[in-house]
Amino acid sequence: MDFELSPEQREIKATFARFSDERIAPQAAAIDAAHTFPREVFDQLAEIGLFGMRYPEADGGTGLALIEFCLALEEIARGSLSVAGCVAMQSLMGTKFLHMLGNADIRERLFKPALRGEKIGAICMTEPNAGSDLDGLATQARTSDGGYILNGQKTWVTSAPFADFFTVFAKAGEEKKLTIFLVERNFKGLAIGRPIEKMGVWALPTSEVAFNDCFVPDGHRLSKEEGDGEGHLRKTLAEMSAEEKNRTSHRYRALVEVRRRGLVLTDDTAACELIGQPVRLVSRPTPNPKVTVPSDLPYVEMLLRKRF
């Protein structure tokens, strides 16, 4: 298999590396110290097309793949993990369901402006008593004239204090199955709760969100049918799981740590606690005159891409 980056991928990586070195890294400490959303850098990344990388050109994106996006995110994270967290949410879960399920009005008024950085999206899934346990979610949506009434509480909502719209998972219908709704910031009954203090990534704002008799019109039920939310969620997560997720997300996290620690890698086998578990940096094979092996970090990048 060929693990070398294509010319286009190398150019994407170099572009975001320059941006990170010039625009992010010099102010990374100040960004975190401010404890607020990094709007200026966010807007600059929107201008160079980051948020549309994974979406088709016809919908305002650039039609690239997850590999290209993670190459860009790797370089952004090297400058600031806070900024990387903010832009990853906007590029992935914050906008994905609007593109996949939103009607024409939602796409034009919210999704496309979000790709330009003019609107900020958030996703509301985790609750005080339920996270990945989807059956344990307690937020309810009951039918009302012309729409639904939402009641419940969400927590760990990234970008909530600054978000313009929220993708919300709630139980609806007679069988109380998971259904996806879109709540705009100006909807009555939506309340942004207390900020959640964290040990780091302070410029990645995280808050609680509550829905108190929050009316959501029928057109803002993103689910095609009541109860199809789990299927759509699994479909979305599958795109970033298995081979794709492991070869990209885990790789960029490991590489960020390698670079941050300034490790000098040798021919010896090494084991480093890079991402919460041992990542084995395998010894180089016996030299083969027919094979050109990159040195140091690019070689580790090649190994990690192959491993994950």
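Just after helix α3, G49 takes a positive phi of about 90°. The model that shows this is predicted. Its protein chain has 10 helices and 9 strands, and this briefing covers a few of them, starting with α3.

**Helix α3**

- The buried residues of α3 are V41, F42, Q44, L45 and A46.
- These buried residues pack against five helices, namely α1 (7-24), α2 (28-33), α4 (66-79), α5 and α7.

**Helix α7**

- Helix α7 covers residues 104-115, which makes 12 residues.
- At 1.5 Å a residue, α7 should span 16 Å, and its end C-alpha atoms are 15 Å apart, so the expected span and the model agree.
- At the start of α7, the backbone nitrogen of D105 has a side-chain oxygen of N103 within 3.2 Å.
- Buried positions in α7 are I106, L110, F111, P113, A114 and L115.
- An α-helix has 3.6 residues a turn, so residues three or four places apart point the same way.
- The buried residues of α7 pack against three helices, α3 (39-47), α5 (81-91) and α6 (96-101), and also against two strands, β4 (165-172) and β5 (177-184).
- After α7 comes G117, and its phi is positive, near 80°.

**Strand β2 and its partners**

- Strand β2 (residues 140-144) and strand β3 (residues 147-158) run antiparallel and are joined by 5 bridges.
- Within this pairing, T143 of β2 stands opposite Y148 in β3.
- The hairpin of β2 and β3 has 2 residues between the strands.
- In that hairpin, G146 takes a positive phi near 85°.
- Strand β2 also pairs with β4; these two run parallel and are joined by 2 bridges.
- Opposite Q140 stands K171 in β4.
- Strand β4 therefore appears in two places in this briefing: it is joined by bridges to β2, and the buried residues of α7 pack against it, with a contact meaning heavy atoms within 4.5 Å.

**The chain overall**

- The protein chain has 308 residues, and buried residues make up 48% of them.
- Among contacts in the chain with a separation of 6 or more, 69% are between residues 24 or more positions apart.
- The chain exposes about 15,000 Å², and carbon and sulfur atoms supply 51% of that area.

Definitions and conventions. Residues are numbered from 1 along each chain as its sequence is written. This is a predicted model: local features need pLDDT of at least 70, side-chain atom pairs count only at pLDDT 80 or more; totals for chains, interfaces and linings use all residues. Side-chain values use heavy atoms; hydrogens and water are left out. Helices (H or I, at least four residues) and strands (E, at least two) are DSSP runs, numbered from the N terminus. The expected span of a helix is 1.5 Å times one less than its number of residues. Buried means under 20% relative accessible area, exposed over 50%, partly exposed in between (1.4 Å probe, protein chains only). A polar contact is a pair of N or O atoms within 3.5 Å; within protein, one must be able to donate a hydrogen and the other to accept it, and residues adjacent in sequence count only if both atoms are side-chain atoms. Accessible areas come from the Shrake-Rupley method with a 1.4 Å probe; for residues, only the protein chains shown count as cover. Two strands pair if DSSP finds at least two bridges between them.
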